[in-house]
Amino acid sequence: MTEPGTTPGLSHAALEEAFASQNLFDGKTWQLSPYAFPLDSELVSVIRQIGKACLQYLEALEKLYTKSRQHKRILRNGDQLAPWVAEYLDRGKPQSLVRHGFHKALSGQIPLILRPDLLLTEDGLALTELDSVPGGIGLTAFLNRLYEGQGDIIGAGDKMIHSFYNGLARLAPNNPEPFIAIVVSHEAETYRPEMQWLAEQLQKEGKRVFVFYPEQVMPLGNTLCADVGGDPQVIDVLYRFFELFDLPNIPVTQHIPALVEEGQLQLTPPMRAFQEEKLGLGLLRHHRLEDYWKENLDRENLYLLQQTVPNTWILDNPELPPGAVLDGPHVNGKPIHDWGQLINASQKERNLILKISGYHETAWGARSVTLGSDSSRLHWGTALHQALRSSPTNLHILQDFHKPRRIQHQHYTPEGELRTYDSRIRLCPYFVVQGEEVELTGILATLCPADKKIIHGMKDATLLPCCELPG
């Protein structure tokens with residue numbers, strides 16, 4: 001894959017000028033390319049369907065979690081109970097947060113933006129995570145605008161910007177001009193510039209959208225307020241750009257749940273910790289829940305998720321009776337009865353990703369990720385032991401590693417010369433939830449050097465919007 005047809009690319013000078021005027025990621029840099037990343041129409045169609053499947057999956061996950069907490073049977077015809085599902089999803093969380101997430105006022109609430117992480121492999125797409133508090137929203141909107149005119153940019157016409165706003169405004173249907181606060185925590189400081197840029201674009205259209213630090217938001221009676229130019233404004237909708245583990249560092253944390261439950265404040269993503277656990281993908285692939293997913297997902301969506309979500313196991317550390325085995329990877333071709341047996345697995349057998357499931361400061365930005373086949377046995381064993389020791393409060397997951405395939409794309413050298421490089425790619429589509437539908441508003445492609453095993457926004461990466469090639 002290189003440039004889409006004969007469409008002129010952006011010059012090195014034009015790209016440098018565009019990024020010099022907008023520091024979209026605090027202190028972060030990346031490589032430049034003259035061309036958007038091209039995707040064939042068939043692949044784009046699959047990605048659109050993945051968005052629909054992810055929405056239905058989250059709806060079914062809520063139903064499963066609810067039945068599990070209430071100790072109700074999970075199948076229409078059958079006596080199967082699954083209390084262990086809620087125990088997994090609630091583990092390590094403060095009871096106040098768990099109670100809030102289960103409150104009737106939040107029933108049916110789904111995060112406004114869904115972003116699956118998709119690796120482009122030799123066998124197709126691999127869906128490794130589903131992020132409901134994603135970074136890259138403003139950046140992708142900026143790139144869509146910057147590269148517009150290069151073929152059919154996915155999200156052209158500022159679709160990301162307008163869909164983001166419309167989704168937030170719909171949360172306050174009785175207010176034609178809602179005051180919307182995007183609250184970015186200090187932990188997420190890297191992403192503040194892109195959200196600031198996004199808010200500024202909406203302010204130019206007369207929208208009341210502003211970015212605040214947590215300490216700039218204050219309670220006033222039965223409302224939350226934020227100061228704009230010396231004038232306190234009542235917040236109608238709060239967009240939460242902070243993780244739930246970070247709540248102790250958000251000064252108004254004690255006020256938000258009650259205001260949301262009383263209907264005085266609209267908040268998205270909702271503070272529902274069970275929606276933000278990576279182990280949800282392990283539940284999707286869990287053999288004891290196979291009939292549940294068949295009953296609650298459309299056949300097409302279930303098949304697509306089964307094809308794209310890698311084998312995922314929840315790394316619990318239970319006491320097993322003699323003769324029992326774990327539902328997990330095999331070692332020497334045999335099932336295991338103790339996760340520690342994976343330490344002595346061959347390099348091929350430990351072609352596994354180990355990462356924390358959620359509700360922890362290392363649960364985002366690839367901080368907790370260990371690739372077994374790319375680690376020494378000592379490092380792999382240490383990571384496994386740490387994961388098992390923390391399982392009473394923080395569960396980890398194991399996931400089959402699907403290596404992204406090599407692609408070629410043109411990039412500029414730092415001197416401005418054009419070169420074709422081998423890369424590996426991750427695609428991050430951004431879907432805005434609109435009731436029972438989702439809208440694809442852009443796809444951020446992260447191209448990393450081919451020798452990198454784990455793809456993320458490193459300084460050697462290239463971040464690009466995607467365009468759809470004619471069918």
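L171 is partly exposed, with a relative accessible area of 31%; here buried means under 20% relative accessible area, exposed means over 50%, and partly exposed is in between, using a 1.4 Å probe and protein chains only. This is a predicted model, in which local features need pLDDT of at least 70 and side-chain atom pairs count only at pLDDT 80 or more, while totals for chains, interfaces and linings use all residues. Residues are numbered from 1 along each chain as its sequence is written, and side-chain values use heavy atoms, with hydrogens and water left out.

Back to L171, which sits in the loop between α6 and β5 (180-184). Helices (H or I, at least four residues) and strands (E, at least two) are DSSP runs, numbered from the N terminus. Setting aside neighbours within four places in sequence, L171 is in contact with V237, Q266 and T268, where contact means heavy atoms within 4.5 Å. L171 and L238 are 67 residues apart in sequence, and their C-alpha atoms are 9.9 Å apart in space.

T268, one of those contacts of L171, leads us to a peptide bond worth a look. The bond from T268 to P269 is cis, with omega near -10°. P269 itself belongs to the loop between β11 (266-268) and α9. As a reminder of the background, most peptide bonds are trans, and most residues other than glycine have a negative phi. Two residues go against that second habit. N332 is not a glycine, yet has a positive phi of about 55°; N332 is in the loop between β12 (312-314) and β13, and counts as exposed at 64% relative accessibility. Y359 also has a positive phi, near 50°, and is placed in the loop between β13 and β14.

Now for the helix pairs, starting with α6, which precedes the loop of L171. Helix α6 (residues 159-169) packs against helix α7 (residues 192-203) at an angle of about 80°, and their axes are 10 Å apart. Axes are lines fitted to C-alpha atoms, for helices over the stretch in contact, and angles run from 0 to 180 degrees between N-to-C directions. That angle makes α6 roughly perpendicular to α7; angles under 35 degrees count as roughly parallel, over 145 as roughly antiparallel, 65 to 115 as roughly perpendicular, and the rest as oblique. From α6, the contact uses I161, F164 and Y165, and from α7 it uses M195, W197, L198, Q201 and L202. By class there are seven nonpolar residues, one polar and no charged ones; Ala, Val, Leu, Ile, Met, Phe, Trp, Tyr, Cys and Pro count as nonpolar, Asp, Glu, Lys and Arg as charged, and the others, Gly among them, as polar.

A second pair is α2 with helix α3 (residues 83-90), packed at an angle of about 105° with axes 7 Å apart. This makes α2 roughly perpendicular to α3. On the α2 side are L61, L64, Y65, S68 and R69, which meet P83, W84, V85, A86, L89 and D90 in α3. This contact divides into eight nonpolar, one polar and two charged residues.

α2 (41-69) also helps to cover the buried residues of helix α11, together with cover that includes β3 (124-131), α9 (279-284) and α10 (290-296). In α11 (residues 299-308), N301, L302, L304, L305 and T308 are buried. Seen down the helix axis, these residues fall within an arc of 165°, so they line one face; the arc is that of the directions from the helix axis to the C-beta atoms. R299, E300 and Y303 are exposed on the other side of α11. An α-helix has 3.6 residues a turn, so residues three or four places apart point the same way.

L305 of α11 gives a closer view of that covered face. L305 is buried, with a relative accessible area of 3%. Leaving out residues up to four places away in sequence, L305 touches A53, Y57, L127, L284 and L297. L127 is 178 residues from L305 along the chain, with 8.0 Å between the C-alpha atoms.

We finish at helix α12 (residues 377-389), whose 13 residues reach 18 Å from first C-alpha to last, close to the 18 Å expected at 1.5 Å a residue. The expected span is 1.5 Å times one less than the number of residues. W380, G381, A383, L384, A387 and L388 are the buried residues of α12. They fall within an arc of 160° seen down the axis, so they line one face of the helix. Their cover includes β13 (352-356), β14 (370-371) and β15 (396-400). The face of α12 turned away from the buried side carries the exposed L378 and R389.
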